[in-house]
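Colleague: Could you walk me through this structure, one question at a time?

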Amino acid sequence: MKNPLKYLRRSLSARLSLWIVLFATFVFLTALSYMFYESRRAVKEEAMNRATQVLDNTVQRVINILDRVEVATNNTDWLPTRHLNAPDSMFVYCRRILENNPDLNGCSIAFEPYYFKDRGKFFSAYSYNNGKTIQTTQEGSENYNYFVMDWYQLCKLLDRPTWTEPFMDYNPDNIYSADMIASYCKPMKDKNGEFIGTFSVDLSLGWLSNTISAIKPYPNSYSIMIGMGGTYFVHPDTTKLFYQTIFTETLEKKDTARTALAYAMLNGEEGMKRLNFDGEDCFVFYKPLSTTGWSVAVVCPVSDIFGGYRAVIGIVIFGMLLMSFFFSRIIRREITPLHHLAKQAETIASGQFDQTLPDEGRVDEIGQLSHSFGYMQKSLVNYIEELKDTTASKAAIESELQVASDIQMGMVPRIFPPFPNRHDIDLFASMTPAKEVGGDLYDFFVQDEHLYFCIGDVSGKGIPASLFMAVTRNLFRIIAQQGHEPEQIATEINLFLSKDNDRGMFVTMFIGMVDLKTGRLDFCNCGHNPPVLIGMEDTKANFLPMKYVNQPLGLWEDDPFFGEYIDDIRGKLMLVYTDGFNEAENPKQELFGNDAVLKLMSNAADKTPKEVIKMIQEAVEIHRAGASPNDDLTLLCLRIKEDNG
């Protein structure tokens, strides 16, 4: 299959299989997701309980040992202070403590410099268990200045018992052990409360490290332990022990989650956090170790806790593929007759209408489709014959409409300038039907030093409106040539149009007559848009002021018409238009509007009528933004000059 998308577009069975599988997958995955969500939550809770319980048990075991060390020390530290007059007895006491507490690795009873003047600067009785016997010796010397050691200084400075940070074992024989120890130290004071030395016991932490490292709630889990300063004392990566802290990696790359974990552990808090630990998404459970200032954490990778889900996902994917295979086979078998029908339909579509459709003998929807297609084949033959006749008729109608359009456009003046021998008239007009023929009209002529002009808009569009327009235009020309005033012209046209006007058609019209000698404009507005006049009081564009807006022509024959006049329009620019201008619509059906008409015409004071009309046509086209014209657009612009020269 070279192109899967093309195959899907051409194969109904493949698409049906795909949709069924997708829907089944959606339903299945929705239910499975809810089940996964609930089970995942339960697994997470169980993992938290499990890890917390293991951590609690391990920490409690460690704390019990540490408590035993503290109790053993607290029960014995009074002996040295009771026998300060017998320094040699200190060797006996420290040895006896180890004999009575085999868990301890060493014991020191160390005094301040020159406390026993006859013994010199250093006096520290020290016993340690080398695994076979208990050795007792004098610990202090110039090579081993115990006064600066943590186990001596911490309790002195803090004035309270304290645990030291774990450290590698070191004995007075200058031999380092492979074991790690921690010391529990208590300050010794005389009867005056003055510090005289430190009583400390050493605990081997080898077993502690093994105990903590053995915490594995899950196969890939591991444990860490940090001291009071964040130093690692237990970690699976031994290169980090004693040399790195839990903050080390955050210095190289900022990690707020790891930093928050570190501070929580150092503050002795207990809890759980989820974060990326050493490059893996993990749950980290942490808890402090008693009063030592140490903290233990168990790191459980999320993949360990939820690893079982991978197998489930694999099963789901396999099930989806298996279901897709069987669905596609079944659907392909059921749709094979439809495929044959499609092939035969292609043959018929190529023009072989006598092609016989296969009869599969089915009574289901496919069989019904085959029968319906056969009936459609017969109907198609009849339809093609009818379409040929209709196409021929339509071509004839379109030809006749074109002739009608040419006749209509021939009824209005189309030669400009219209009066080449007169220099006092500058006039230009245009008419653009919304369809092949329209219902707008305009006309003008000069008679007896008077310019008669009109512009009209017939109700409706198409052929009826064009016929009504032709009648109206001829009436205007015949009646106006008799020398009537505009209101008389309107009255006569209205009487003629309103008789036997069963369809109720009418025409709005503006009729004007200009005395070319005086510049006086007499006009009658019959329900039409008010013209725009520039130069009445200033160079701004304004609508022509009118007292009367008479009824449209052709409605009621008895209503009178009233005329008006303007003394002199010479030097002024006048635009008469139909509502295809101010009511032009864009794709959002927003009108051009009267305000936009005045704004546009405010730039026309110094333009010729021809330039004005071209400007308007371009503005309307821009406003329409590709929308089809919603009405005829007819414009007539004129300027009567003061100088007849």
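Colleague: What covers the buried residues of H14?

Modeller: First, a word on the source: this is a predicted model, where local features need pLDDT of at least 70, side-chain atom pairs count only at pLDDT 80 or more, and totals for chains, interfaces and linings use all residues. Residues are numbered from 1 along each chain as its sequence is written, and side-chain values use heavy atoms, with hydrogens and water left out. Helices (H or I, at least four residues) and strands (E, at least two) are DSSP runs numbered from the N terminus, and contact means heavy atoms within 4.5 Å. The cover includes strand E18 (532-534), strand E19 (541-543), strand E21 (573-577) and helix H15 (609-624).

Colleague: Which residues of H14 are buried, and which exposed ones sit on the face turned away?

Modeller: Buried means under 20% relative accessible area, exposed over 50%, and partly exposed in between (1.4 Å probe, protein chains only). In H14 (residues 594-601), the buried ones are Val597, Leu600 and Met601. They cover an arc (taken from the directions from the helix axis to the C-beta atoms) of only 95°, so they are on the same side of H14. The face turned away from that buried side carries the exposed Asp595 and Lys599.

Colleague: Which strands stand at the edges of the sheet that holds E12?

Modeller: Two strands pair if DSSP finds at least two bridges between them. Here five strands make an open, antiparallel sheet, in the order E9-E8-E12-E11-E10. An edge strand has a single partner, so one side of it is left without a neighbour in the sheet, and that goes for E9 (232-234) and E10 (271-277).

Colleague: And which residue of E12 stands opposite Ser223?

Modeller: E8 (residues 222-226) and E12 (residues 294-301) run antiparallel and are joined by five bridges. Opposite Ser223, in E12, is Val298.

Colleague: At about what angle does H8 run to E10?

Modeller: Axes are lines fitted to C-alpha atoms, for helices over the stretch in contact, and angles run from 0 to 180 degrees between N-to-C directions. Helix H8 (residues 256-266) lies across E8, E9, E10, E11 and E12, and its angle to E10 is about 145°.

Colleague: How many residues of E13 are buried?

Modeller: E13 (residues 425-432) is largely enclosed by the rest of the structure. It pairs with E22 (residues 633-640) in the antiparallel sense over eight bridges. Of the eight residues of E13, the buried ones number six.

Colleague: Is Ser498 buried or exposed?

Modeller: Ser498 is in helix H13 (residues 486-498), and its side chain reaches the backbone oxygen of Asn494 at 2.8 Å. Its relative accessibility is 15%, so Ser498 counts as buried.

Note on methods
A polar contact is a pair of N or O atoms within 3.5 Å; within protein, one must be able to donate a hydrogen and the other to accept it, and residues adjacent in sequence count only if both atoms are side-chain atoms.
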